[in-house]
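Colleague: I am new to this structure, and I would like to hear the reasoning behind the terms you use for it. Could you take me through them step by step?

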Amino acid sequence: MSVTRVDPPRGSEPRPAGEPPPVSSKAQTARHVVVVRELGVLAALLLLVLITYAYNSRFLSEQSRHDLLLGASILVILAAGQTMVIITRNVDLSVGSLVGLIAFGTGKLLLEHPGTPLVVLLLLGMVAGAVAGAFNGALIALAKVPALVITLGTLYIFRSLDNLWAGGQQINAADMPSSFLDFGTSGALGIPWLAWIALVVVIAVSYYLGSYRSGRELYAIGSDSDAARLSGVPTGRRIFTVFIVNGALTGLAGVLYAARYGTLDATVGTGLELQVVAAAVVGGVAIFGGSGTAYGAALGALLLTTIGNALPVLHVSDFWQQAFVGALILAAVGLDRLLVIRLSRQMKGRRAHGA
Amino acid sequence: MTRSRRRLVSGAASLAILITLAASACGGTSRDDNNDSSSGSEPESSGEADPNAPIQEGLHITFLPKQINNPYFTVSDGGGEQAVSEFGGEYEEVGPSEATASSQVSYINTLTQQGVDAIAVSANDPNALCGALNQARSANIAVVTYDSDTSPDCRDVFVNQATSDSIAKIQLKLIAEQIGGSGQIAILSATPNATNQNAWIDVMKQELKKPQYANIDLVDIAYGNDDDEKSFQETQGLLSSYPDLKGIISPTTVGIAAAARYLSSSEYKGKVALTGLGTPNQMREYVKDGTVQEFALWDPEKLGYLAAYAAAALVSGQITGAPGETFEAGNLGQYTIQDDGVIVLGPPTVFNKGNIDDFDF
Amino acid sequence: MVPEQRTDRRSLSKSPLWAAMTSWDFALLVILAVVLAAATSRVEDFAQTITLTFLLLDVVPVALMATGLTLVIITGEIDLSVASTLGLTSAVLGQLWYSGYTLELALVLCVVLGALLGALNGLFVAGLGLPSLAVTIGTLALYRGLAYVILGDRAVADFPFDWTTRAVDTIGNTGVPTAVVPVIGLAILFGITLHATPIGRGLFAIGNNDATARFSGISVGWMKFWTFVASGVMSSLAGIFWTFRYASARADNGYGLELAVVAAVLLGGVSIFGGRGDLLGVLTAVVLIATLQRTLQLARYSDEVLNLVTGSLLILSVVVPNVIAMIRAWWARRRAIDDSVPPPEHHDRRVLEGTNT
């Protein structure tokens, strides 16, 4: 596959006159790697779809496509949010538990007040998620504690809050307002509403990361946080904000989960966090921080979901699915490394020749 | 590699080879000779049964379901609670939030320590609980399994909702009717190791060999792990993998509810039949909108109720778990213990549009 | 010459006793003592020998995995595949037994398997330089998946009676399970290696700054590789114990346990950045969590309270020391007395997330 030339990132804030846009060769390498990687994921996705379609043409029927997009939407939204976190060299393991908590909360709210408008539900979910994200972010940015540890702790805390609240209760789809559930399964122009929302989220996050100075600063923080701080980037504030936004997106995903599945209990979202990180990693978001895009993570999420849907169609036993996903993650991480090495050698070569 | 490291590696390798040789050379324990040895310490039976013994007062009976946040068990254990209050005992319900055997063992250990009088457990695995359960029985705790059995040497009696035969046969009969006697069917089960589902599936496979089911083909068994989302996705998978699928049997309340939900919002609604074991409250919507015609179950409340009375009867000496013994189970009447210490609640009930509104669980 | 293990930044006085007393290990031991005292006096049924038995039986697999994982985390890496290694080992043990292999041979093969599984992680991380968080998320899925491929939905449960009893046997009347003895032996071995040998000092050095360590002549790659092998072997031992204790080999044995093991190691005072921590703290943390679980269950609290407590303890264990250090620094600046040692900066890259100190 060929490497696409990428223009230097544009800024949306006015720069002092005469100052050229900052383009380090390292940033350029990162950009090249990212584009190549994303193309790779896209290629893998298309290949998988084509093979499965050839095996069973029903795989691309309207129903199947609908199911696929619906299934991927929630993971895509979570992966987009997680991308921002991982870019700054942090991680948020509490997203699964938070989705469970907010999904159940949405269900409870609808039981008491079935007439609540959808917009209100979405907003409430996002606010609740943002509050949880602020809790994580404050500890990580202000008390300067490692994100892995904090979010592992909040994973436990949110999950136990969910269990204590839900107890043995299960909210059935039958008790939920049908308008809400319809929203979760229907769509427009053949694409489900949830997928439209996921698309908007991915575009918004990518735009922010690519075109806003504060977005680009996230990459700087992830690459070398000390250097970033010394260059005047308010690292603490940026990280705090990133966790709030990720929390809000997680809240959104929680409400959408309730709409999509309808039946809610205390186990919702268990294990989701590792799937989200896997999706980001497969999609080319480097776990070391400093590179990757939301588009890549979204493709990673789509690829993982497609594998889940394709394997049964290919009559591959359920029991192989997890092993397959594990091998894919290893391949993705290995590929990342290979590309970085090759391209940085290329870069070095060019510099040496005065290019 | 440096020389010392090479030495280290080769030393380790030779050691490993030596150990392996020694292990295989010394004969060792292998599975064939194992089958003769005894299978475990079974506590001795407590002597003669006295059917006229009164139920003791203040019995502490604890219910330990497969999973604590599963609505089916909330109902069944509620029935147990009702029975316990009827005979003046103390009721408790504990359980893991994930349906695993090792977490159940932890609870059994706690109950043994607390010295309860009886445990009523629905097992996540037929064998993994045995060590802990037998330890409980050695501490004079009566062990009753309900809904999902363990190996017979680890419990005193098993309260079965219906015979495995009748549960399996009714589901097969229903699906055969609903698909017109011929076509492909699939099964959406619970966890791969679940005792009860596997017992029923085995009977179904045997039944399918009979001539009346000659035109019905079981193409796949999927496992939803009694998890709503997984069951949902597995249903999706079944329908896209088998274009000619005409029917799905889901012998688990979580599975059938998820499958019904998927079907009712998909293009397969009405075209692919769905039956199995479900609760009226969860299935009502889908019966009314035509996704599901008929399904079966028993009354889980009665199951828990019977289990509690069986436990009380054991502790009070009315029964010892031997076949042929009888006891009274409150307002359910008299029950007789069958072979292998099994007590059967009764025949399954079939629910459909006509009677579904009569029930509330 | 390799750099010495850094002094615990939480103890700022010169007195070793004061250092010991304000150290995290001591705090953990105090908490454990308090919990035990409260449990014995306030929770009925706690003060029995059998409580000790159940508690220690629960501790054995977690202690094994945590010991191996401590080495990995001290070098600045992480291994999330420990529980999947446990599961795969259990599945292989079951399958080998089912296929007629002798148990002795099967056990040896399983330990070798653990080493191989760890070696694969080590190959990716140390050999290819891949990030351990991502790699071990991959092997977490891969190994668990292979366990399912091998056993599917079956469970192998007909292990010989004397083997399964041996797993839960106790020493005389003390209530201490015999299985604890090899665990303590291994812990002592690892402890000595970590805290009193050049190998251990090398591991800490790598965790502190692997570039510096490399320049000091430590072969960083090989040492990291062997820590992963050690972690794999310990996890497979845990899998063997698990299988015999529950007399059941299943593909989902130990599912989800990895986060609990990581939590125990972190709670034990091991820094996620590497370079700091000790095995005594980790084992105390493992026993503490198991004790809390026993106590809460006996006191009829739901499992959720335990999770709430574990999560909060985890957060407090990192927040409190940092906040105290920040307050101390602020206080010292205010008083303009320079008797406080500024916390050493962490400038080098960590393979996990960084914070902005």
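Modeller: What follows goes through the cavities, the contacts between chains, the salt bridges and the two domains of chain B, and please keep in mind that this is a predicted model.

Colleague: What makes a space in here a cavity, and how many cavities of 30 Å³ or more does the structure hold?

Modeller: A cavity is a set of points where a 1.4 Å probe fits but cannot get out, and the structure holds eight of them with a volume of 30 Å³ or more. The largest cavity has a volume of about 140 Å³, and the second largest has about 70 Å³.

Colleague: How do you know which residues line the largest cavity, and which of them are closest to its centre?

Modeller: A lining residue must have an atom within 4 Å of a point of the cavity, and 16 residues line the largest one, with B:Tyr72, B:Asp147, B:Gln197, B:Thr252 and B:Thr253 the closest to its centre. Helices α3 (71–86), α7 (195–208) and α9 (253–264) of chain B are the elements that give two or more residues to this lining, and α7(B) gives the most, with three residues.

Colleague: What classes of residue make up the lining of the largest cavity, and which domains of chain B does that lining draw on?

Modeller: Eight of the lining residues are nonpolar, five are polar and three are charged. At least three residues come from domain 1 (11–161 + 300–345) of chain B, and at least three come from domain 2 (164–297) of that chain.

Colleague: Why are the lining residues of the second largest cavity called nonpolar, polar or charged?

Modeller: Val, Leu and Ile count as nonpolar by the rule used here, and the lining consists of A:Val91, A:Leu93, A:Leu148, A:Leu152, A:Leu274, A:Val277, C:Ile78, C:Leu80, C:Leu133, C:Ile137, C:Leu259 and C:Val262. The division is therefore twelve nonpolar, no polar and no charged residues. Among the elements that each supply at least two of these residues are α5 (147–166) of chain A and α6 (132–151) of chain C.

Colleague: How do you know that chain C and chain A are in contact, and what area do they bury?

Modeller: Contact means heavy atoms within 4.5 Å, and by that rule the contact takes 52 residues from chain C and 51 residues from chain A. The two chains bury about 4600 Å² between them, with 73% of it on carbon and sulfur atoms.

Colleague: What is the buried area between chain A and chain B, and which three residues of chain A supply the most of what it buries there?

Modeller: The area is about 2400 Å², of which carbon and sulfur atoms give 44%, and A:Arg58, A:Gln63 and A:Tyr261 supply 25% of the area that chain A buries against chain B. In this contact, 27 residues of chain A meet 32 residues of chain B, and the count of salt bridges between these chains is zero.

Colleague: Why is the pair A:Asp226 and A:Arg229 called a salt bridge?

Modeller: The rule asks for a side-chain nitrogen of Lys or Arg within 4 Å of a carboxyl oxygen of Asp or Glu, and the N to O distance between A:Asp226 and A:Arg229 is 2.9 Å, so the pair qualifies. Because A:Asp226 and A:Arg229 are three residues apart in helix α9 (residues 225–230) of chain A, about one helical turn separates them.

Colleague: How many residues meet between domain 1 and domain 2 of chain B, and how many salt bridges are found there?

Modeller: In chain B, 14 residues of domain 1 are in contact with twelve residues of domain 2, and the two domains bury about 910 Å² between them. The rule finds zero salt bridges across this interface.

Methods: Residues are numbered from 1 along each chain as its sequence is written. Chains are lettered from A and ligands numbered from 1 in the order in which they are written. This is a predicted model: local features need pLDDT of at least 70, side-chain atom pairs count only at pLDDT 80 or more; totals for chains, interfaces and linings use all residues. Side-chain values use heavy atoms; hydrogens and water are left out. On a 1 Å grid over the protein atoms alone, a cavity is a set of points where a 1.4 Å probe fits but cannot get out, and a pocket is an open set with protein on both sides within 12 Å along at least five of seven lines; lining residues have an atom within 4 Å of a point. Grid points are joined across faces, edges and corners, and a volume is the space filled by probe spheres set on the points. Helices (H or I, at least four residues) and strands (E, at least two) are DSSP runs, numbered from the N terminus. Domain bounds come from an automatic or database domain assignment. Buried area is the accessible area (1.4 Å probe) that two parts lose on being put together, summed over both.
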